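The following exercises concern the surroundings of a ligand, the pairing of aromatic rings and two features of the backbone. Please attempt each task before reading its solution.

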Amino acid sequence: QCPDSLGRGRSGPKRGRAQRRTNRGIAGQPLTCFLHTPHLFHNAMCEQSLNDYITEQCALIDAALDRLLPAENESPETIHKAMRYSIFAGGKRMRPVLCLAAAEACGGLAVDALVPACAVEMMHTYSLIHDDLPAMDNDDLRRGKPTSHKAFGEGVAILAGDALLTEAFAVIAQVDDTERYTVRDYVRELAATGGSTMLIGGQILDLEGEHKQLSEPEVRTVYEGKTAALLTTALRFGGMSANATESQLEALTDFGYNLGLAFQVIDDILDLTASTEKLGKTAGKDVNSQKSTCPALIGLDGARSEAKCRTQAALDALMIFPEERRARLVELANYLLNREY
Ligand code: GRG
């Protein structure tokens, strides 16, 4: 367990257990119809380097997003252009990649996790567009490009975020049921994750915490809501698409919670130490808005050891998976710990 700063808890907020029902939901068109090289999706753990793996999974995710989003020239064009502008602006795609890797860890196929992975990326991108708005973080740069409201104006940016959030639910409604999980389980979980106690809850606490000194437990609550919740859901969706057992899903939840906290601590460290050019978003924002962050509370060295400690707790949670099955998630966790942007 992590001895310091962000608290001792290793498991995140309790999540409702997904219902075990076998009725079929609104089945979407299978993505396999346009992705026709099944060997690519097979659980190739792995002679393939992590970089090649990420590149390959990102190509699958981008193709799926392209297929699932309305075309740029579909009327009304402005909103579809704005939605696609932010989705294809060059994000790292870590949530969908983790979703695919979690499916593989549970013995499933990445291709079966593509629909929920895309829904998560749409919700994530909506939150970034809205977070950048003048009424929130007021930022000009995201993913190395002008933010949505800079490129399209504030009204269109608000609507692009709204439309991506709505589309995330249209997409999640297309998942196929497995023996243990129904489309209703996914919808319920996505709604809870994006709602007032998690994503939006974290954002509210973050907003209210500006220019104030938050305590360590309060900072942890912000991180749980704004970062760990959606990352955990991405992993759980991957597991659910592979019909994960209850203990596999619990392990992914524990992994996601700790990885999510580590991810946000690293994000805060990079905000202080990396350049705007490298980050693709404005560096130094947390100091300017006097945010209570992990490095502000315990210093850079303390924050680095917190991130390591959380990553180790995340890795410990994976021990129930056979070594070759957990290998990609282990690599991804270490990659995220050492990331530079
Ligand atoms: C609902 C308006 C609203 C906000 C919800 C998620 C969120 C709260 C705000 C987004 C801003 C933020 C800094 C969130 C913390 C999570 C995080 C570190 C996001 C950045 O994720 P990356 O680095 O981004 O994966 P890319 O661009 O690579 O996808």
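Two rings of Phe, Tyr or Trp (its six-membered ring) form an aromatic pair if their centres lie within 6.5 Å; planes under 30 degrees apart count as stacked, and planes over 60 degrees apart count as edge-to-face. The model shown is predicted.

**Exercise 1.** State how many aromatic pairs the structure holds, and classify the pair of Tyr85 and Phe152.

*Solution.*
Step 1. The structure holds 2 aromatic pairs.
Step 2. A pair of aromatic rings is described by the distance of the centres and the angle of the planes.
Step 3. For Tyr85 and Phe152, the centres are 5.2 Å apart and the planes form an angle of 80°.
Step 4. The limit for the edge-to-face class is over 60 degrees, and the pair of Tyr85 and Phe152 is edge-to-face.
Step 5. Tyr85 belongs to helix α2 (residues 77–87) and Phe152 to helix α5 (residues 148–152); with these positions 67 residues apart, the pair links distant parts of the chain.

**Exercise 2.** Describe the shell of residues around the ligand, and determine which helix supplies the largest share of it.

*Solution.*
Step 1. The ligand sits in the largest pocket.
Step 2. Around the ligand are 18 residues, of which Lys92, Arg95, His124, Tyr126 and Arg143 come nearest.
Step 3. By class, the shell comprises 5 nonpolar, 7 polar and 6 charged residues.
Step 4. At least two shell residues are supplied by each of α4 (114–132), α8 (199–209), α9 (216–241) and α10 (246–273).
Step 5. The largest share, 6 residues, comes from α4.

**Exercise 3.** Apply the limit of 3.5 Å for a polar contact to Lys92, His124 and Arg143.

*Solution.*
Step 1. Lys92 places a polar side-chain atom 2.6 Å from an oxygen atom of the ligand.
Step 2. For His124, the corresponding distance to a ligand oxygen atom is 2.7 Å.
Step 3. A polar side-chain atom of Arg143 also lies 2.7 Å from an oxygen atom of the ligand.
Step 4. The ligand taken alone exposes 710 Å², and the protein buries 93% of that area.

**Exercise 4.** Is the peptide bond from Ser75 to Pro76 cis or trans, and where does Pro76 lie?

*Solution.*
Step 1. Omega of this bond is near -5°, and the bond is cis.
Step 2. Pro76 is located in the loop between α1 (50–68) and α2.

Definitions and conventions: Residues are numbered from 1 along each chain as its sequence is written. This is a predicted model: local features need pLDDT of at least 70, side-chain atom pairs count only at pLDDT 80 or more; totals for chains, interfaces and linings use all residues. Side-chain values use heavy atoms; hydrogens and water are left out. A residue is near a molecule or strand if one of its heavy atoms lies within 4 Å of it. A polar contact is a pair of N or O atoms within 3.5 Å; within protein, one must be able to donate a hydrogen and the other to accept it, and residues adjacent in sequence count only if both atoms are side-chain atoms. Accessible areas come from the Shrake-Rupley method with a 1.4 Å probe; for residues, only the protein chains shown count as cover. On a 1 Å grid over the protein atoms alone, a cavity is a set of points where a 1.4 Å probe fits but cannot get out, and a pocket is an open set with protein on both sides within 12 Å along at least five of seven lines; lining residues have an atom within 4 Å of a point. A molecule sits in a cavity or pocket if more than half of its atoms lie within 2 Å of its grid points. Helices (H or I, at least four residues) and strands (E, at least two) are DSSP runs, numbered from the N terminus. Ala, Val, Leu, Ile, Met, Phe, Trp, Tyr, Cys and Pro count as nonpolar, Asp, Glu, Lys and Arg as charged, and the others, Gly among them, as polar.
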